[in-house]
Amino acid sequence: MQYTRLGTTGMSVSRICLGMMSFGDQVKRAWTLNQEQAEPLVRQAVEAGVTFFDTADVYSDGVSEQITGRLLGKLFERREDYVLATKVYSPMGSGLNDRGLSRKHILAGIDASLRRLGTDYVDLYQIHRWDDETPIEETMQALHDVVRAGKARYIGASSMYAWQFAKAQHTAERLGLTRFVSMQNHYNLVYREEEREMNPLCADQGVGLVPWSPLARGLLAGNRERGGQTLTVRAANDAFAESLYDDNDFDVVDAVRAVAGARGVPAAQVALAWLLGKPVVSAPIVGATKPGHVTDAVAAVDLRLTTDEVAQLEAPYRPHAILGHN
């Protein structure tokens, strides 16, 4: 495993972040693993040197956070030895204030997450999306207070427009508040719209990228074929993926398969290696439901693509509408 700083902070993270969304309540998602099933995969990642783990309050309505806290507490001797990230924004109940980025929900949300995680603090507290109904000044002040209270070491953001992120950072600077150190955006070989505005902004501001869906929800790893054929349980039960990707994206998938075939490695390794080769990327968030998923993610860290291979992978890209902000 290799390690890097998260953006320009002093905090080191593994180049692979294990996404914990795959672990939770199997009733809600057929492909989700329970704690007993998740433990061997998390153990495999830890033994391979992964120290960075990402979850969210909304994943399985908090069950993912519970599993994450129990397993990390079991697999690491010290809390200081791993970096734990979670998120706030999504509905966590039926009440009018059980969602969004108001001061009321953020302060309630961090306390609830810490209880589920079984820890006194998270290393990275992220806003899951932008909240049009709450003034950004209120959100940034609440997040600053979470950091000042010692409940989070850093704050991060997730998918939004670059102008929104710039506004949030400017607001924090103007008011003397904590700034975001990371951006968890939708970024992979079949969706590269972030390269137009968000990625250059983050590079300029020293913000590290921790992209979600680095394998396009399995598309780049081969869990689907043209015409809507699905090859895994997750692919067959992932309506969100169907809203993000379609048959036009398979030209990129074919390029990944060609490079992978010539290299003699799985397609997932090539797709992840491409992402890891982007200087602004600190660590892609990789989900795992099988041992091979962890193996491929770890191996991708040491896979170096040539300039010609990168050009071959990027050539078939087609522009997309903005996807993943909702």
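What is the volume of the second largest pocket? In this predicted model, the second largest pocket has a volume of about 230 Å³. Its lining is made up of Tyr89, Arg129, Trp130, Asp132, Tyr161, Gln164, Ile322, Leu323, Gly324, His325 and Asn326. Sorted by class, the lining of this second largest pocket comprises 5 nonpolar, 4 polar and 2 charged residues. A run of residues from Ile322 through Asn326 is included in that list, and so the eye is easily led from the pocket to the surface beside Ile322. 

Two of the pocket residues reappear on the surface. Tyr161 and Ile322, both part of the pocket lining, join Trp163 in a nonpolar surface patch of about 340 Å². Tyr161 sits in the loop that runs between strand S7 (152–158) and helix H5 (162–175). With a relative accessible area of 40%, Tyr161 is partly exposed.

Attention can now turn to the enclosed space. The count of cavities of 30 Å³ or more comes to 1, and the largest cavity holds about 40 Å³ of space. Its walls are formed by Ile16, Leu18, Ala45, Val50, Val286, Ala288, His293, Val294, Ala297 and Val298. Helix H11 (residues 291–300) gives the most to this lining, contributing 4 residues. In terms of class, 9 of the residues lining the largest cavity are nonpolar and 1 is polar, while no charged residues take part.

Charged side chains come into view through the salt bridges, of which 18 are found across the whole structure. Three pairs are described here. In one of them, the side chains of Arg179 and Glu173 meet with an N to O distance of 3.5 Å. Arg179 is partly exposed, at 26% relative accessibility, whereas Glu173 is exposed, with a relative accessible area of 56%.

A salt bridge also pairs Glu193 with Arg196, at 2.5 Å from N to O. Here the partners fall into separate exposure classes: Glu193 counts as buried at 8% relative accessibility, while Arg196, with a relative accessible area of 51%, is exposed.

Lys278 and Glu314 form a further salt bridge, their closest N and O atoms lying 2.8 Å apart. Because Lys278 lies in the loop between helix H10 (267–276) and strand S10 (285–287) and Glu314 in helix H12 (residues 307–314), the pair ties together parts that are 36 residues apart in sequence. Glu314 counts as partly exposed, at 21% relative accessibility. Lys278 and Glu314 also belong to a network of salt bridges, in which they are linked with Arg192 and Glu195.

The backbone offers a detail of its own in the loop between strand S4 (52–54) and helix H2 (63–75), where Ser60 is placed. Most residues other than glycine have a negative phi. Ser60, although not a glycine, has a positive phi of about 55 degrees. Asp61, found in the loop between S4 and H2 as well, likewise has a positive phi, near 55 degrees, in a residue other than glycine. How buried or exposed are Ser60 and Asp61? Ser60 is buried, with a relative accessible area of 6%, whereas Asp61 counts as partly exposed at 45% relative accessibility.

Two leucines complete the picture through contacts between distant parts of the sequence. Leu114 belongs to helix H3 (residues 103–117) and is buried, with a relative accessible area of 9%. The C-alpha atoms of Leu114 and Glu65 are 8.7 Å apart in space, while 49 residues separate the two in sequence. Leu275 has its place in helix H10, and with a relative accessible area of 0% it is buried. Between the C-alpha atoms of Leu275 and Pro214 the separation is 7.4 Å, although the two residues are 61 apart along the chain.

Key: Residues are numbered from 1 along each chain as its sequence is written. This is a predicted model: local features need pLDDT of at least 70, side-chain atom pairs count only at pLDDT 80 or more; totals for chains, interfaces and linings use all residues. Side-chain values use heavy atoms; hydrogens and water are left out. Patches are made of residues with over 30% relative accessible area and no salt bridge: like charges are joined within 9 Å, nonpolar side chains (Val, Leu, Ile, Met, Phe, Trp, Tyr) within 5 Å. Accessible areas come from the Shrake-Rupley method with a 1.4 Å probe; for residues, only the protein chains shown count as cover. A salt bridge is a side-chain nitrogen of Lys or Arg within 4 Å of a carboxyl oxygen of Asp or Glu. Buried means under 20% relative accessible area, exposed over 50%, partly exposed in between (1.4 Å probe, protein chains only). On a 1 Å grid over the protein atoms alone, a cavity is a set of points where a 1.4 Å probe fits but cannot get out, and a pocket is an open set with protein on both sides within 12 Å along at least five of seven lines; lining residues have an atom within 4 Å of a point. Grid points are joined across faces, edges and corners, and a volume is the space filled by probe spheres set on the points. Ala, Val, Leu, Ile, Met, Phe, Trp, Tyr, Cys and Pro count as nonpolar, Asp, Glu, Lys and Arg as charged, and the others, Gly among them, as polar.
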